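Here are some notes to read alongside the model, written for someone meeting it for the first time. Please keep the viewer open as you go through the points.

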Amino acid sequence: MAADNPIDPIHQFEISKIADIQLGGIDISFTNSSLFMVFALAATMALFVIGLSKKSIIPNRMQMLSELSYNFIANMLRDQVGDQGRAYFPFIFSLFMFIFFCNFIGLIPYTFTVTSHLIVTFAFAGLIFVAVTIIGFVKNGLGYLRIFYPSGIPIFLAPLIVPIEIISYLSKPISLSVRLCANMLAGHSILKIFAGFIVMLGFLGFAPLVFLVVLYALETLIAALQAYIFTILTCIYLNDALHPDH
Amino acid sequence: MKILLKAFLLIAPINFAYAAEGQKSAGLPQMDIATFPSQLFWLVITFSLLYLFMWKFVIPRLGATIEERRDKISNDINDADNLNTEATDILKKYDEQLASASQESNEIITNSKKAMLDHLEMLKKENEEKVNSLISESQAKIKAQEEKSKIEIRNATLDTVKAIVSRYIENIPSDEEINKKLN
């Protein structure tokens with residue numbers, strides 16, 4: 001069994017049931033994936049509940065941390081979308097915190113990385129894609145179709161540009177979801193493989209250990225960076241929906 | 001590094017073989033469609049809770065705190081500015097008062113100097129007048145005394161002349177005759 005093999009790099013992505021729940025013939029069991037979603041939720045809540053427990057003018061460390069994340073996302077949204085983006089701030093903020101904590105919790109050994117599953121990232125990306133498209137049409141009417149034909153392009157190039165734009169638009173959710181998922185999957189697999197080398201090589205294991213430490217630092221960076229990229233791309237898509245002329 | 005590469009080549013196929021063996025549906029666990037409904041279901045639940053938490057709790061409170069701090073800071077800066085203006089005003093007023101006071105004191109000094117000089121001048125004049133009047137008075141007195149003395153001398157002379165003459169001659173000359181002779 002793969003589960004018994006300590007150095008199987010894919011084992012960490014396997015989903016195992018914790019509580020078997022069936023609803024109308026559909027399997028919605030509480031799995032390790034669900035558990036770590038709850039952990040990400042709990043971590044976010046803990047950060048803000050502790051950070052906001054003592055609202056003071058001069059913040060303590062936890063309050064500082066929660067305000068930093070708030071300002072970070074608020075500034076990102078303001079820079080990318082402008083004041084019209086305010087309504088979407090709760091979603092963007094939640095999105096960032098959820099992905100951020102999923103990525104980070106996944107870095108702890110023996111945990112599960114929720115965002116390493118394409119269906120999860122695709123659910124987010126799909127939701128964002130559908131929402132952005134709806135927002136685009138609601139705010140701009142049929143004028144939203146202009147995003148497929150950027151201004152300043154000669155008309156004879158239209159048959160070439162418009163299909164490219166449409167394809168690039170439709171591929172947004174795929175690139176968005178695959179980017180995050182693949183980063184998590186590849187990073188965690190490599191970590192596990194090199195961790196396996198340490199065990200396999202015995203005394204010589206210090207060489208992959210050094211590499212593993214460096215790699216782990218890189219993965220930590222990637223965990224934060226991918227959450228940031230996912231969020232900022234969402235902001236950019238939102239901006240395209242609100243201002244299709246740019 | 002060569003050792004690492006060898007080790008990897010050695011292990012990798014074994015691992016993937018194990019993985020494939022362990023899986024009911026071969027391949028990555030990510031491709032196991034059977035787990036999708038559960039993942040989506042729990043994702044919706046957890047993310048909705050997170051969204052609600054953020055929307056209803058975190059953002060209003062954090063926003064309020066940050067707003068409050070911004071207000072407090074801007075208020076404090078305003079207060080500081082006001083106090084600064086006030087202080088500048090007070091300093092200005094103080095300087096003005098100082099200037100006016102020094103001017104006033106200068107005036108007072110000048111005035112009192114002038115008054116003193118005037119008074120001195122007046123006293124001088126008064127004294128001079130007094131002295132002059134005294135002098136003229138004394139001169140008058142002296143003159144009067146002179147006149148008086150002259151008359152007395154004359155009278156005495158007359159008397160003396162009369163006495164002398166009367167001793168030698170019987171005819172006593174009149175005062176007019178003596179005066180004529182004396183002059």
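1. A definition will help at the outset: a nonpolar core is a set of buried Ala, Val, Leu, Ile, Met, Phe, Trp, Tyr and Cys residues joined through C-beta atoms within 7 Å. Please also bear in mind that this is a predicted model.

2. With that in hand, start at the largest nonpolar core, which has 57 residues. The members that touch the most others are A40(A), I92(A), F96(A) and F98(A). Two or more residues come from each of α1, α2, α3, α4, α5 and α6 of chain A, and also from α2 of chain B. Helix α3(A) is the biggest contributor, giving twelve residues. A second core lies apart from this one and has five residues, including I193(A), A195(A), F197(A) and L212(A).

3. What does A40(A) touch, once neighbours within four places in sequence are left aside? Its contacts are F98(A), F101(A), C102(A), I105(A) and V114(A). F98(A) appears here again, and is itself one of the residues in the core with the most contacts to other members.

4. Next, have a look at L95(A), which sits in helix α3 of chain A. Is L95(A) buried or exposed? It counts as buried because it has 24 C-beta neighbours inside 10 Å, and the cut-off for buried is 20 or more. Beyond four places in sequence, L95(A) is in contact with F124(A), T231(A) and T234(A). It also makes a nice example of how the fold brings sequence positions together: L95(A) and F230(A) are 135 residues apart along the chain, while their C-alpha atoms are 8.7 Å apart in space.

5. T231(A) leads on to a helix pair, since this residue of α6(A) also takes part in the contact with α2(A). From α2(A) come I73(A), M76(A), L77(A) and Q80(A), and they meet T231(A), I232(A), C235(A), I236(A) and N239(A) of α6(A). Sorted by class, this contact has six nonpolar, three polar and no charged residues. The two helices pack at an angle of about 30°, their axes 9 Å apart, and the crossing of α2(A) and α6(A) is right-handed.

6. Now for the meeting of the two chains. Chain A brings 50 residues into contact with 39 residues of chain B. On the chain A side, the elements giving two or more residues are β3 (26-27), β4 (30-31), α1 (32-53), α2 (61-80), α3 (89-105), α4 (118-140), α5 (158-201) and α6 (206-242). The largest share is that of α1(A), with nine residues. That side of chain A has 35 nonpolar, ten polar and five charged residues.

7. Chain B has three helices and zero strands, so to speak in the order α-α-α from the N terminus on. Of the 183 residues in chain B, 9% are buried.

8. Finally, a word on confidence. The predictor gives the complex an ipTM of 0.87 and a pTM of 0.71. Chain B has an average pLDDT of 82, and 86% of its residues score at least 70. Which elements of chain B have the lowest and the highest mean pLDDT? The lowest belongs to helix α1 (residues 2-22), at 45, and the highest to helix α2 (residues 36-168), at 90. Over residues 7-25 of chain B the pLDDT stays under 50, and for that stretch the model has 22 contacts beyond four places in sequence.

Key. Residues are numbered from 1 along each chain as its sequence is written. Chains are lettered from A and ligands numbered from 1 in the order in which they are written. This is a predicted model: local features need pLDDT of at least 70, side-chain atom pairs count only at pLDDT 80 or more; totals for chains, interfaces and linings use all residues. Two residues are in contact if their C-beta atoms, placed from the backbone, lie within 7 Å. Helices (H or I, at least four residues) and strands (E, at least two) are DSSP runs, numbered from the N terminus. Ala, Val, Leu, Ile, Met, Phe, Trp, Tyr, Cys and Pro count as nonpolar, Asp, Glu, Lys and Arg as charged, and the others, Gly among them, as polar. pLDDT is the predictor's confidence in each residue, from 0 to 100. A residue is buried if 20 or more other C-beta atoms lie within 10 Å of its own, exposed if 12 or fewer, and partly exposed in between; C-beta atoms are placed from the backbone. Axes are lines fitted to C-alpha atoms, for helices over the stretch in contact, and angles run from 0 to 180 degrees between N-to-C directions. A crossing is left-handed if the near helix is turned anticlockwise from the far one by less than a right angle, and right-handed if clockwise.
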